[in-house]
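Open the model in your viewer and keep the selection panel within reach. We will go from stop to stop, choosing something to select each time and looking at what is there.

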Amino acid sequence: MNGFTTKNWLLVGMLLLLAAGFAYNRYAHTLASVPPHAFASITEGGSVRVLGRVRAGSIRPEGDTLNFVVEGEGGFVQVAYRGPDREAVRELKNLLVSGRRLPGGGMAADAVSIAANYGFVAAAYGLALGLLLAFAWVQERAAGALQKKLESP
Amino acid sequence: MNFFSVIGLIVWKDGLSELRSRENISSMFFFALLTIFIFNFSLPLDQRVAQTLAPGLIWIAFSFTGVIGLGRSFLAERDNDCLEALLNAPVPKGALYLGKLLGNFLFMLTAEVLLFPLFILFFNLEVNANPGLLLLVFILGTLGLAALGTLFSAMMVQVRAREVMFPILMLPLAVPVLIAAVQATAGILQGSPWAQYGSWISLLAVFDLIFIVIAFWTFEFILEG
Amino acid sequence: MDLLQKWRNAIGMTAWGVLAAGLYLSLVWAPADYYQGEVARIMNLHVPLAKVSLLAYFVAFVASLLYIWKRGALADNLAHASVATGIVFTLAAILTGAIWGKPTWNVWWTWDARLVSFAVLLLLMAGYLMLRSFVEERERAARYAAVLAIIGFIDLPIIHLSVTWWRTLHQPASFSAKGLSIAPDMLAAILVMTVGMVLLYVYLTLLYCRKLALAAQLAAKSEQRLREARL
């Protein structure tokens, strides 16, 4: 057996795709979000995640609920947040707000987190692994070609 | 042959040929002068800005001087087929390196000393600095550049695309010299207290020592065959 | 040779397997960072890449010393292969660092000691590979490259030191990646990724060594042919 055969490469490809699949799955289930102007398309009472910026001057605490507005291009959502991370809600901060859409507009949120820059994560991993995979593949090909040349008369 | 007499002979040989042709010093000098001209055209240098940027510009000019001058160290030997004679001479190769280093260093320093007053002139710099200290920084910085440059110049004799490879190999390694020299020059020109730039001068001295020693030990290895 | 190839393939497959596991841990299992959010996951990639880059240059340094001492083709091949592989890791480290830096500090690049040292490392490795390709004779190329690797390795800490001093003049050390405390879950993920990257480096270096050895054999064979044809 000389070098990585097609079987080896397929196995490597499968392993990496598997990991990527899990990552995408997690992204879709915990990070995928809608911008504020698409909020209206969510069914009332349904769970939703909104990605937007906290509007300046909109933060109003009311007992154990923190009210604020999260806005984006062409839309905004009124949020009533009940949860532990109240300090995370600051003016002009990009947040990912998770909760349920309330009947009659607005949402009741139970979690806020920093906006997920998943594009950067995907780019970094894709680039690095792509470089390494490409390098490995090129070297295997080159070694295989040299081996063949050596064996032929 | 005595170790030190070999060094002296090489410096004398290079110095004599330079005195007659003035090739190296003049090309270094005029090239650096040209870079000063280009600085003036490309950068908005009023008197105040020039004062701030001066140390950096000076050492950029000196680096280019080094790349031009040091790259040509072994040119004369190669062109006149003297290289084999030099390599086969029964002298310690380390002495060869030190001799070449000293020669290169003196040429570069001469060009720099001629250049600096012109620099002050063209940029209208106010210099209330200790000239002795300034000369010390020039010496230490030039020694560092020459130490690296002489070694790589010897390597480049047998390498394709030598004019390009020489700065590519030499300049990244010379980063500490450039940083330290610029900071020390800036400190002296601005009249800062010694504590502010003294450590840079020490760094230059240590760098010079380390790399002259390393080059000394590896020179023979480069030259064989 | 067959046993060596089997080992090499085994190391390679293990490397990719460990990396796949590391990917799962980094991207799925570990929780997002409290301050940086998802972007902190890039560190799980960047730190192992950076560590392996330095490892690669260190191996090239030791191999170069060995070559100067013993003059074996093995030492020379190892140095060459280590740099050829290492430059890929270095480039990936720099790129992932920049991609991490943009959302975190809002800059793609900054001239602090670590980044300058890595940029110089990239230049040194590139210069090394260029030098090897521009010198005709194999033995001379090996000698020159060995000297370059040794000088470069000794200079690298000096460069780091001088840039650190220079930076403390202009601004206090605010961007210290060391200051970030890593959650224990993330630590496990980084460790797994590091192991995977080291294994990958070993596999790729062995592979490149094999390529160099094959190329040398081929060159010797064609030279033999030429000699026979002349006779």
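The tour below starts with chain A, moves to its contact with chain C, and ends at chain B. Please keep in mind that this is a predicted model.

**Stop 1: the two domains of chain A**

Colour chain A by its domain assignment: residues 6-27 together with 118-151 form domain 1, while 34-114 form domain 2. How far apart are the centres of domain 1 of chain A and domain 2 of chain A? Taken over C-alpha atoms, the separation is 40 Å.

**Stop 2: strand 5 of chain A and its partners**

Next, select residues 94-101 of chain A, which make up strand 5. Six of its eight residues are buried, so strand 5 of chain A is largely enclosed by the rest of the structure.

Now add residues 47-54, strand 1 of chain A. Strand 1 and strand 5 of chain A run antiparallel and are joined by seven bridges. To find your place in this pairing, label S47(A) and look across to R100(A) in strand 5 of chain A.

Then bring in strand 6 of chain A, residues 107-114. Strand 6 of chain A pairs with strand 5 of chain A, again in the antiparallel sense and over seven bridges. Here a useful landmark is G99(A), with A109(A) of strand 6 opposite. Follow the chain through the hairpin of these two strands, where five residues lie between them, and stop at G104(A), which takes a positive phi near 85 degrees.

**Stop 3: where chain A meets chain C**

Show chains A and C together. Two pairs of chains are in contact, and chains A and C share the most contacts. The contact involves 37 residues of chain A and 40 residues of chain C. On the chain A side, helix 1 (6-31), strand 6 (107-114) and helix 2 (118-151) are the elements that give two or more residues. Helix 2 of chain A gives the most, with 20 residues. Colour the chain A side by residue class and you will find 28 nonpolar, six polar and three charged residues.

Zoom in on helix 1 of chain A and helix 1 of chain C, residues 2-29. Their axes lie 8 Å apart at an angle of about 5 degrees, which means that the two helices are roughly parallel. For side chains to display, try L15(A), F22(A) and R26(A), which are among the residues making this contact from helix 1 of chain A; from helix 1 of chain C, they include W16(C), Y24(C) and L27(C). By class, the residues of this helix-to-helix contact comprise 14 nonpolar, three polar and one charged.

**Stop 4: chain C by itself**

Hide the other chains. Which elements does chain C have? It has six helices and zero strands. The C-alpha trace of chain C spans about 75 × 45 × 25 Å along its principal axes, and 47% of the 231 residues of chain C count as buried.

**Stop 5: chain B on chain C**

Finally, bring back chain B. Its contact with chain C takes 23 residues from chain B and 24 residues from chain C. Helix 8 (162-173), helix 9 (175-189) and helix 10 (194-223) of chain B each supply at least two residues to the chain B side. Helix 10 of chain B has the largest share, seven residues. The chain B side consists of 17 nonpolar, five polar and one charged residues.

Before you leave, show chain A again beside chain B: these two chains do not touch, and their nearest C-alpha atoms are 24 Å apart.

How values were computed:
Residues numbered from 1 in each chain as written. Chains lettered and ligands numbered in written order. Predicted model: local features only at pLDDT ≥ 70, side-chain atom pairs only at ≥ 80, totals over all residues. Domains from an automatic or database assignment. Contact = placed C-beta atoms within 7 Å. Helix = DSSP H or I, 4+ residues; strand = E, 2+ residues; numbered from the N terminus. Nonpolar A, V, L, I, M, F, W, Y, C, P; charged D, E, K, R; others polar. Buried ≥ 20, exposed ≤ 12 C-beta atoms within 10 Å, placed from the backbone. Pairing = 2+ DSSP bridges. Axes fitted to C-alpha atoms, helices over the stretch in contact; angles between N-to-C directions. Parallel < 35°, antiparallel > 145°, perpendicular 65-115°, else oblique.
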